[in-house]
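Here are some exercises to work through with the sequence and the model side by side. Try each task on your own before you read its solution.

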Amino acid sequence: MEDEGFEDFLTPGELARALRVRSSTLAKWRSDSRGPNYFRLEGSIRYRMSDVEAWLRGRRVKTLEGLAPR
């Protein structure tokens, strides 16, 4: 098993504020198996920062202008 180490975890409220979405949106994403990976710890939901960052990178939309060499 890969050593993932310890890093910052966010509550749903903290992540919702950072993404500027409602906590209920995160709950819907979890229910629909969408959104960033998360942990359920003693009944509490926590998001690992590296999972959130990876999820965001996977949703980046590249425009044609962004693909053109400079």
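The exercises below go from the overall fold to single residues.

This is a predicted model, in which local features need pLDDT of at least 70 and side-chain atom pairs count only at pLDDT 80 or more, while totals for chains, interfaces and linings use all residues. Residues are numbered from 1 along each chain as its sequence is written, and side-chain values use heavy atoms, with hydrogens and water left out.

**Exercise 1. The fold**

Task: work out the order of helices and strands along the protein chain.

Solution. Start by listing the elements, taking helices (H or I, at least four residues) and strands (E, at least two) as DSSP runs numbered from the N terminus. You should find four helices and three strands. Reading along the sequence then gives β-α-α-β-β-α-α.

**Exercise 2. The sheet**

Task: find the strand order of the sheet and how its strands pair.

Solution. Begin with the pairing rule: two strands pair if DSSP finds at least two bridges between them. Strand 2 and strand 3 run antiparallel and are joined by three bridges. In one of these strands, strand 3, arginine 46 is the bridge partner of phenylalanine 39. Put together, the three strands make an open sheet in the order 1-3-2, with antiparallel pairing. Strands 1 and 2 are at the edges with a single partner strand each, so one side of each has no neighbour in the sheet.

**Exercise 3. Two helices and their buried faces**

Task: decide which residues of helix 1 and helix 2 are buried, and what they pack against.

Solution. First set the scale: buried means under 20% relative accessible area, exposed over 50%, and partly exposed in between (1.4 Å probe, protein chains only).

- Helix 1 spans residues 12-19, and its Pro12, Leu15 and Ala16 are buried. These residues lie on the same side of helix 1 because they cover an arc of only 100° around the axis; the arc is that of the directions from the helix axis to the C-beta atoms. On the other side, Arg17 and Ala18 are exposed.
- In helix 2, the buried residues are Leu26, Trp29 and Arg30. Viewed down the axis of helix 2, they fall within an arc of 100°, so they line one face.

Next, look for partners. The buried residues of helix 1 pack against strand 1 (9-10), helix 2 (23-31), strand 3 (44-48) and helix 3 (49-57). Those of helix 2 pack against helix 1, strand 3 and helix 3.

Finally, check what follows each helix. Arginine 20, just after helix 1, has a positive phi of about 60°. Serine 33 follows helix 2, and its phi is also positive, near 55°.

**Exercise 4. A glycine in a loop**

Task: is glycine 35 buried or exposed, and what is it in contact with?

Solution. Locate glycine 35 in the loop between helix 2 and strand 2. Its relative accessible area is 18%, so glycine 35 is buried. Then search for contacts, meaning heavy atoms within 4.5 Å. Leaving aside neighbours within four places in sequence, glycine 35 is in contact with Trp29 and Trp55.

**Exercise 5. Leucine 41**

Task: where is leucine 41 found, and how accessible is leucine 41?

Solution. Leucine 41 is in strand 2, residues 39-41. With a relative accessible area of 44%, leucine 41 is partly exposed.
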